[in-house]
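Visitor: I have a structure to go through with you. Shall we take it one question at a time?
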Amino acid sequence: MIKKTIIASAIVALVMGCSLKESDQLTKSEGSAFGKHGEIQVQTETKNGKLVDISILKQNENKVLAASVFTEMKDAMIANNSTEVDGISGATITSGAFRKAVESSLTTAGVTLVAGMVKSSDKSAELVASEQNFDVVIIGSGGAGFSAAITAKNAGASVVIIEKMPTVGGNSLITGGQMNVPGNWVQKKMGIEDSIDLFVKDTLKGGDYLGDPEMVQILAEQALPAAEWLRDYIKVDFYKDQLFQFGGHSVKRALIPRNHTGAEWISKFMAKTDELQIPIHTRTTATALIKDQNGRVIGVEAEKNGQQLTYYAKRGVIMATGGFGANVAMRTKYVPELDSRYGTTNARGIMGDGIVMAEKLNAQTHNMKSIQTYPICHIDSGAISLIADSRFFGALLVNKEGHRFVEELERRDVISRAILAQTDQQTYVLWGSEIEEIAGVVGVHKDEFAELNRKGMMFKADSIEELAQKFGVDEKALMAQVGRVNQFAKAGDDKEFHHRGGLKTIMKPPFYMLVAKPSVHHTMGGLMTDTHTRVLDTQGKVIAGLFAAGEVTGMTHGSNRLGGNAITDITVFGRIAGKEAAAQ
């Protein structure tokens, strides 16, 4: 039972529907409100001031993130005979919209709930066994945690995943989900030449050669087997004829999951864990690692609903808790500039817990000052703009004065710094139908378009002049800039910024423009690990029984992670951690 974390938007309630009062005084009515991904419509059934049932008639929320809203919140409302129940942490927008939809339905029916008619029965507060025993305990339910859990289970280990949030997925769920894989099957179909060596070269260069070469080599060599495992065993649906070329990469090599979001593979991971009967204990916060008299990690202390729990791990504990991008205090400890003025693309629970717990066992950290911002994010919430993936297909970045100011496929840190140097510390992303016909981002992310359009942050128009006027961008300069770009595109030579992917013309309406700014995205620093994913202490020695994978580690990406490398990282090293822990 799960749901999601999205950082965004205000919710506008709408009231609709008619009520039907039956002879037995059962009253049915409908109501609605706008959530993150469109309208949520519900039907309530009440009788003599008592809420009997709530049916979800229509909703397009992320199925992983919203699951707890439409189950736990619904049950709590009925049990307490009130809409004043706690929302689902990490699904604030969906929770609020669901509450408003139920309230609008009750208003339409003219029903006032009578408090205290029903005795509360909070299922989430039920006690569980205070002592749990498994071969492998995994902390964190993102891509690294799932990859590790499934691999360890298939190696014969008993496994549990513990997750502090009410829902699974972490950052993996809210990412675009693209995965860099050199020599992949789509490249071969498209006739794109690539190699492990080129991928290693791009990754090391992209991180200013501060990434560990051994780790990067493993990342590159294991990328294709990991992608084939996702495709063939986990059943992730990748597009068969389309790839991304993220900034800093020499060629297109990023596989794209269905609908361009991490929800595709997190939902498939969930299905596989159900099939393998791997338990996932949500709302369970790991608080400390347990060592035996020999210094080996043998388990995890945790807390759930005020109850203290102990998870013993016969073979090993795997830390897959992610980075610390949502922890303002922790990130400003290392980079003071990244204070509360910056939003974050991270899920709410990404607070660096795993790093802190491991440090208490004298674990060594590495590269903690390397914190990345994502350049193209919503200016209000800080969330990544997925619809602006048009940039990878030729969309332009311009400033308020109507000029390009950076190569659109530069490294994320380079683009972010360039944007922050512009008027209002913002950029405007512009493209036309030539690019949209290839990228299809407006069609894929139509809910994001509707949200941004409603807020005045994105517009569609039949002329570029109209878009310039809507955003207050210098119209004359912008038209001159687009004219130069069209000439460069036709000549195949970007004389301004040497666009490595090749510019596209912007001549065919309709045209699209959105406003964006950078947001804190990825923490490249974390726990020091060896090539077997074993955590090392401050003396460089292995901490027996403790493994780590994903963004909680700090060895792979150097000063800057290239786009599309995170999914490769968490899958490759998650699988290695699962295999290594199960083998103990």
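Visitor: How many residues does the largest nonpolar core have?
Guide: Keep in mind that this is a predicted model. Val136, Ile138, Val159, Leu230, Phe269, Ile318 and Phe573 have the most contacts inside the largest nonpolar core. The number of residues in that core is 62.

Visitor: Which helix gives the most to this core?
Guide: The top contributor supplies 11 residues. That helix covers residues 213-234. Its name is α8.

Visitor: How many residues are in the other core, the one that lies apart?
Guide: Tyr374, Ile384, Ala439 and Tyr512 are among its members. This core lies apart from the one with 62 residues. Its count is 55.

Visitor: Which residues is Ile138 in contact with, leaving aside neighbours within four places in sequence?
Guide: Ile138 is one of the residues with the most contacts inside the largest core. Its partners include Gly145, Ala148 and Ala149. The rest of the list is Val159, Val160, Ile161, Ile162, Ile318 and Ala320.

Visitor: Is strand β6 largely enclosed or left open?
Guide: Strand β6 spans residues 131-139. Buried here means under 20% relative accessible area. Seven of the nine residues of β6 are buried, so the rest of the structure leaves it largely enclosed.

Visitor: Which residue in β14 is the bridge partner of Val136?
Guide: β6 and β14 (residues 307-319) run parallel, joined by eight bridges. One of the pairings involves Val136 of β6, and its partner in β14 is Gly316.

Visitor: Which residue in β7 is the bridge partner of Ile139?
Guide: β7 covers residues 159-162 and runs parallel to β6. Four bridges join the two strands. For Ile139, the partner in β7 is Ile162.

Visitor: Is the crossover from β6 to β7 right-handed or left-handed?
Guide: Follow the chain out of β6. It passes through helix α4 (residues 143-154) and reaches β7. That is a β-α-β crossover, and its hand is right-handed.

Visitor: Which strands stand at the edges of the open sheet of three strands?
Guide: The sheet has antiparallel pairing and the order β8-β10-β9. Two of its strands have a single partner strand each, so one side of each is left without a neighbour in the sheet. Those edge strands are β8 (179-180) and β9 (238-244).

Visitor: Which residue in β10 is the bridge partner of Asn180?
Guide: β8 and β10 (residues 254-257) pair over two bridges. The sense is antiparallel. Asn180 has as its partner in β10 Ala254.

Visitor: What end-to-end span should helix α18 have, at 1.5 Å a residue?
Guide: α18 runs over residues 565-582, and 15 of its 18 residues are buried. Its end C-alpha atoms are 26 Å apart. This agrees with the expected span, which is 26 Å.

Visitor: Is the peptide bond from Pro509 to Pro510 cis or trans?
Guide: Pro510 sits in the loop between α17 (475-491) and β20 (511-523). The omega of this bond is near 0 degrees. The bond is cis.

Visitor: What is the relative accessible area of Asn81?
Guide: Asn81 lies in the loop between α2 (69-80) and α3 (92-109). Its phi is positive, about 50 degrees, although it is not a glycine. Asn81 is buried, with a relative accessible area of 2%.

Visitor: And what is the relative accessible area of Thr533?
Guide: Thr533 is in the loop between β21 (526-527) and β22 (534-536). It is not a glycine, yet its phi is positive, about 70 degrees. Thr533 is buried, and its relative accessible area is 1%.

Conventions: Residues are numbered from 1 along each chain as its sequence is written. This is a predicted model: local features need pLDDT of at least 70, side-chain atom pairs count only at pLDDT 80 or more; totals for chains, interfaces and linings use all residues. Side-chain values use heavy atoms; hydrogens and water are left out. A nonpolar core is a set of buried Ala, Val, Leu, Ile, Met, Phe, Trp, Tyr and Cys residues joined through side-chain atoms within 4.5 Å. Buried means under 20% relative accessible area, exposed over 50%, partly exposed in between (1.4 Å probe, protein chains only). Contact means heavy atoms within 4.5 Å. The expected span of a helix is 1.5 Å times one less than its number of residues. Two strands pair if DSSP finds at least two bridges between them. A crossover is right-handed if, with the strands pointing away from the viewer, the path from the first strand over the helix to the second runs clockwise.
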